[in-house]
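Reader: I've got this one open in my viewer and would like to zoom in on a single part. Could you pick one helix and walk me through what surrounds it, cut-offs included?

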Amino acid sequence: MLALALGVLGIFLPLLPTTPFLLLAAFCFLRGSQRMHHWLMSHRILGPYIRDFQSGRGIPLRSKCIALALMWPSLALSAWLMPVPWARWLLLLPGIGVTIYLWRLPTRHSD
């Protein structure tokens with residue numbers, strides 16, 4: 001349930017990853033609660049997202065763009081508010097890493 005909660009929060013919080021937590025929740029539910037696994041996989045919003053990722057279909061281009069459009073301003077604001085000047089540059093590491101990861105994922109095209 002914690003992985004599911006963190007995955008849902010990741011939809012709204014740009015620096016919290018969504019996919020790994022949803023995949024972890026699906027795995028845990030598969031092992032521990034068939035009812036919850038079925039609920040998660042058939043959920044109208046989360047289910048297709050998990051199934052498409054597991055099958056290698058990727059994520060829509062729109063989702064990639066929204067994620068990056070939210071992440072980079074959040075990182076910029078965090079850097080601006082950071083009291084330690086040298087630590088501001090460390091925020092580039094997750095930003096660049098997530099950007100590379102997202103653009104390397106397969107892009108799902110409309111069906």
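Author: What follows is a walk around one helix, α4, starting with the setting and ending with its charged partners.

First, the ground rules. This is a predicted model, so local features need pLDDT of at least 70 and side-chain atom pairs count only at pLDDT 80 or more, while totals for chains, interfaces and linings use all residues. Residues are numbered from 1 along each chain as its sequence is written, and side-chain values use heavy atoms, leaving out hydrogens and water.

Now the backdrop. The protein has seven helices and two strands; these are DSSP runs numbered from the N terminus, with helices being H or I over at least four residues and strands E over at least two. Going along the sequence, you read α-α-α-α-β-α-α-α-β. The C-alpha trace spans about 50 × 30 × 20 Å along its principal axes. Of the 111 residues, 29% are buried, where buried means under 20% relative accessible area, exposed means over 50%, and partly exposed is in between (1.4 Å probe, protein chains only). Among contacts (heavy atoms within 4.5 Å) with a separation of 6 or more, 56% come from residues 24 or more positions apart.

On to α4 itself. Its buried residues are L46, G47, I50 and D52. The cover over them includes α1, α2, α3 and β2. Right after the helix, G56 has a positive phi of about 85°.

Two of those buried residues, L46 and I50, also belong to the largest nonpolar core, alongside A3, L4, L22, A25, A26, F29, M36, L40 and M41, which makes eleven residues in all. The term covers buried Ala, Val, Leu, Ile, Met, Phe, Trp, Tyr and Cys residues joined through side-chain atoms within 4.5 Å. At least two core residues come from each of α1 (2-12), α2 (19-32), α3 (34-41) and α4 (46-54). The top contributor is α2, with four. There's another core apart from this one, with eight residues that include I59, M71, A79 and L91.

For a single-residue view of how α4 meets the rest, try L4. Ignoring neighbours within four places in sequence, L4 touches L46, plus F21, L22, A25, F29, W39 and L40.

Then there's the packing of α2 on α4. Their axes are 10 Å apart, at an angle of about 95°. Axes here are lines fitted to C-alpha atoms, for helices over the stretch in contact, and angles run from 0 to 180 degrees between N-to-C directions. That puts α2 roughly perpendicular to α4; the bins are under 35 degrees for roughly parallel, over 145 for roughly antiparallel, 65 to 115 for roughly perpendicular, and oblique for the rest. On the α2 side, T19, L22, L23 and A26 make the contact, and they meet L46, Y49, I50, F53 and Q54 of α4.

Now for the charges, where D52 is the residue to click on. The whole structure has two salt bridges, counted when a side-chain nitrogen of Lys or Arg is within 4 Å of a carboxyl oxygen of Asp or Glu. One pairs D52 with R57, with 3.0 Å between the closest N and O atoms. D52 is buried at 9% relative accessibility, whereas R57 is partly exposed at 33%. The other links the side chains of D52 and R108, at 2.2 Å from N to O. Since D52 sits in α4 and R108 in strand β2 (residues 107-108), this pair ties together parts 56 residues apart in sequence. R108 counts as partly exposed, with 26% relative accessibility. Through their shared partners, the salt bridges join D52, R57 and R108 into one network.

So, to pull α4 together: nonpolar L46 and I50 sit in the largest core, while D52 has salt bridges to R57 and R108.
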